[in-house]
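Reader: Hello! I am new to reading protein models, and I would love a close look at how side chains meet one another. Could you walk me through it slowly?

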Amino acid sequence: MKCAVGIMDNNPKQIKIEDKKIFLEIKNLKKYFPIGGNIFSRLRSNLRAIDGIDFSLGKGETFGLVGESGCGKSTVARCILKLIDPTEGQIFLEGEDICHLTQRQFRPLRKDVQIIFQDPFSSLNPRMRIKEIVSEPITAHGIANGKEKEEIVASLLEKVGLKSEYMGRFPHEFSGGQRQRICIARALAPNPKIIIGDEPLSALDVSIQAQIVNLLEDLQNELGFSFIIISHDLAVVEHMCDKVAVMYLGKIVEMASYQDLYGNPRHPYTIALLSSVPVIDETRQERIILRGELPNPISPPKGCRFHTRCPQVMEECKQIEPSLMDLGAGHFVSCYRM
């Protein structure tokens with residue numbers, strides 16, 4: 001298996017094929033943001049951040065979402081966490097559709113889905129001590145109090161590679177990598193079944209990224225949680241993920257196991273993305289440069305959304321939007337050239 005640059009492959013991914021239990025299932029998920037209009041006019045347009053996607057996440061599985069900025073990856077995460085409500089579709093968490101639950105009804109389930117944010121500098125309250133930050137979800141969900149809570153916090157800090165005596169310090173006393181470890185400890189505090197990493201490495205130095213990746217893999221193997229990682233770093237996604245979905249303008253254009261997606265990409269957009277990954281290999285294919293800009297998500301192009309930039313475009317691509325076709329072995333592609 002190819003490794004991400006700077007990541008030691010001393011903890012190879014283990015695909016959990018013995019347990020097929022589905023923790024999370026997304027069906028026809030859509031999220032439109034109304035824009036425009038004013039007090040004199042009700043005419044509005046919709047920004048189609050997510051426009052009908054489907055995927056599932058099994059127990060102990062790592063699922064990667066990749067694509068350009070603005071394709072809807074982070075919006076998917078916020079819908080799963082119910083930080084925003086979807087416009088349409090269903091999100092099943094262990095078989096229960098959470099889309100129609102109120103915040104009060106969803107609160108007992110919130111501990112099952114946690115997130116690690118992109119920027120460890122802004123996601124920690126600078127006025128709170130580390131003990132208070134990590135223990136917040138423990139208190140909110142009534143998991144423990146008093147000395148027991150303090151022992152859990154100390155154990156979590158040790159688990160993520162920090163000393164328990166750091167509990168009394170403030171976030172500004174830590175480096176970026178240490179702050180991200182604190183964010184990971186906070187996400188682990190309520191013992192979640194699913195953790196979402198929204199670009200959890202992009203704000204860190206490359207050398208620190210390798211440490212955090214190996215830490216996350218060790219924790220997943222130990223605790224068994226499922227993981228959704230949203231990232232621009234295709235090498236990291238290949239190293240960590242069991243399944244990968246490629247998004248373009250609110251749609252999933254290709255989805256497969258990491259072996260199939262990286263070894264045999266089929267969609268022209270996926271092929272172009274992978275050609276941009278820097279690797280030390282003189283035999284690799286020439287880098288593909290996509291022409292033009294990402295279309296406006298307020299008025300996406302008719303037909304295939306990628307046809308305005310696709311080097312293999314046909315007339316059919318401009319008229320009818322292709323659906324995801326199953327090529328077998330869980331490999332799905334949205335393209336007429338299959």
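Over the ring of which residue does the charged end of lysine 31 sit?

Author: Happy to help, and please keep in mind that this is a predicted model. The ring belongs to phenylalanine 33, and the charged end of lysine 31 is 5.1 Å from the centre of that ring. You can find another charge over a ring at arginine 48, which lies over the face of tyrosine 32 at 5.6 Å from the ring centre.

Let us stay with charged side chains for a while. Side chains of opposite charge can pair when their charged atoms come close. This structure holds 12 salt bridges. One of them joins the side chains of glutamate 88 and lysine 30, at 3.8 Å from N to O. Glutamate 88 belongs to strand β4 (residues 88-93) and lysine 30 to strand β1 (residues 22-35), so this pair ties together parts that are 58 residues apart in sequence. Now look at how well each partner is covered. Glutamate 88 is partly exposed, at 39% relative accessibility, whereas lysine 30 is buried, with a relative accessible area of 17%. Lysine 30 counts as buried because the word is used for anything under 20% relative accessible area.

Next, turn to aspartate 198, which forms a salt bridge with arginine 78; here the closest N and O atoms are 3.0 Å apart. Aspartate 198 is part of strand β7 (residues 194-198), while arginine 78 is part of helix α1 (residues 73-80), so the bridge ties together parts that are 120 residues apart in sequence. Aspartate 198 is buried, with a relative accessible area of 5%, and arginine 78 is partly exposed, at 26% relative accessibility.

While we are at arginine 78, take a moment for its helix. In α1, 6 of the 8 residues are buried, so the helix is largely enclosed by the rest of the structure. The buried residues of α1 are Lys73, Thr75, Val76, Ala77, Cys79 and Ile80. Just after α1 you will meet lysine 82, which takes a positive phi of about 60 degrees.

Here is another salt bridge to find: the side chains of lysine 251 and glutamate 321 meet at 3.1 Å, N to O. Lysine 251 is in strand β10 (residues 251-257) and glutamate 321 is in the loop between α9 (268-275) and β11 (325-326), so they tie together parts that are 70 residues apart in sequence. Glutamate 321 is partly exposed, with a relative accessible area of 38%. Salt bridges can also share partners, and in this way Lys21, Glu94 and Lys193 are joined into one network.

Now back to rings, this time meeting each other. The structure holds 6 aromatic pairs. One of these is made by phenylalanine 225 and phenylalanine 227, with 6.3 Å centre to centre and 85 degrees between the planes. The pair is called edge-to-face because planes over 60 degrees apart fall in that group. Both partners are covered: phenylalanine 225 is buried, with a relative accessible area of 3%, and phenylalanine 227 is buried, with a relative accessible area of 1%. Elsewhere, Tyr248, Tyr269 and Phe306 form one aromatic cluster.

For a polar example, try serine 123, in the loop between β6 (113-116) and α3 (130-140). Serine 123 counts as buried, at 16% relative accessibility. The side chain of serine 123 reaches the backbone oxygen of aspartate 119 at 2.9 Å.

Let us finish on the surface. Met325, Leu327 and Met338 make a nonpolar surface patch of about 210 Å². Leucine 327 is found in the loop between β11 and β12, and methionine 338 lies in the segment after β12 (332-333). These two are 11 residues apart along the chain, and 8.4 Å separates their C-alpha atoms. Leucine 327 is partly exposed, at 34% relative accessibility, and methionine 338 is partly exposed too, with a relative accessible area of 33%. Both can belong to the patch because its members need over 30% relative accessible area.

Conventions. Residues are numbered from 1 along each chain as its sequence is written. This is a predicted model: local features need pLDDT of at least 70, side-chain atom pairs count only at pLDDT 80 or more; totals for chains, interfaces and linings use all residues. Side-chain values use heavy atoms; hydrogens and water are left out. Patches are made of residues with over 30% relative accessible area and no salt bridge: like charges are joined within 9 Å, nonpolar side chains (Val, Leu, Ile, Met, Phe, Trp, Tyr) within 5 Å. Accessible areas come from the Shrake-Rupley method with a 1.4 Å probe; for residues, only the protein chains shown count as cover. A salt bridge is a side-chain nitrogen of Lys or Arg within 4 Å of a carboxyl oxygen of Asp or Glu. Helices (H or I, at least four residues) and strands (E, at least two) are DSSP runs, numbered from the N terminus. Buried means under 20% relative accessible area, exposed over 50%, partly exposed in between (1.4 Å probe, protein chains only). Rings of Phe, Tyr and Trp (its six-membered ring) pair if their centres lie within 6.5 Å; planes under 30 degrees apart count as stacked, over 60 as edge-to-face and the rest as tilted. A charge sits over a ring if NZ of Lys or CZ of Arg is within 6 Å of the ring centre and within 35 degrees of the ring normal. A polar contact is a pair of N or O atoms within 3.5 Å; within protein, one must be able to donate a hydrogen and the other to accept it, and residues adjacent in sequence count only if both atoms are side-chain atoms.
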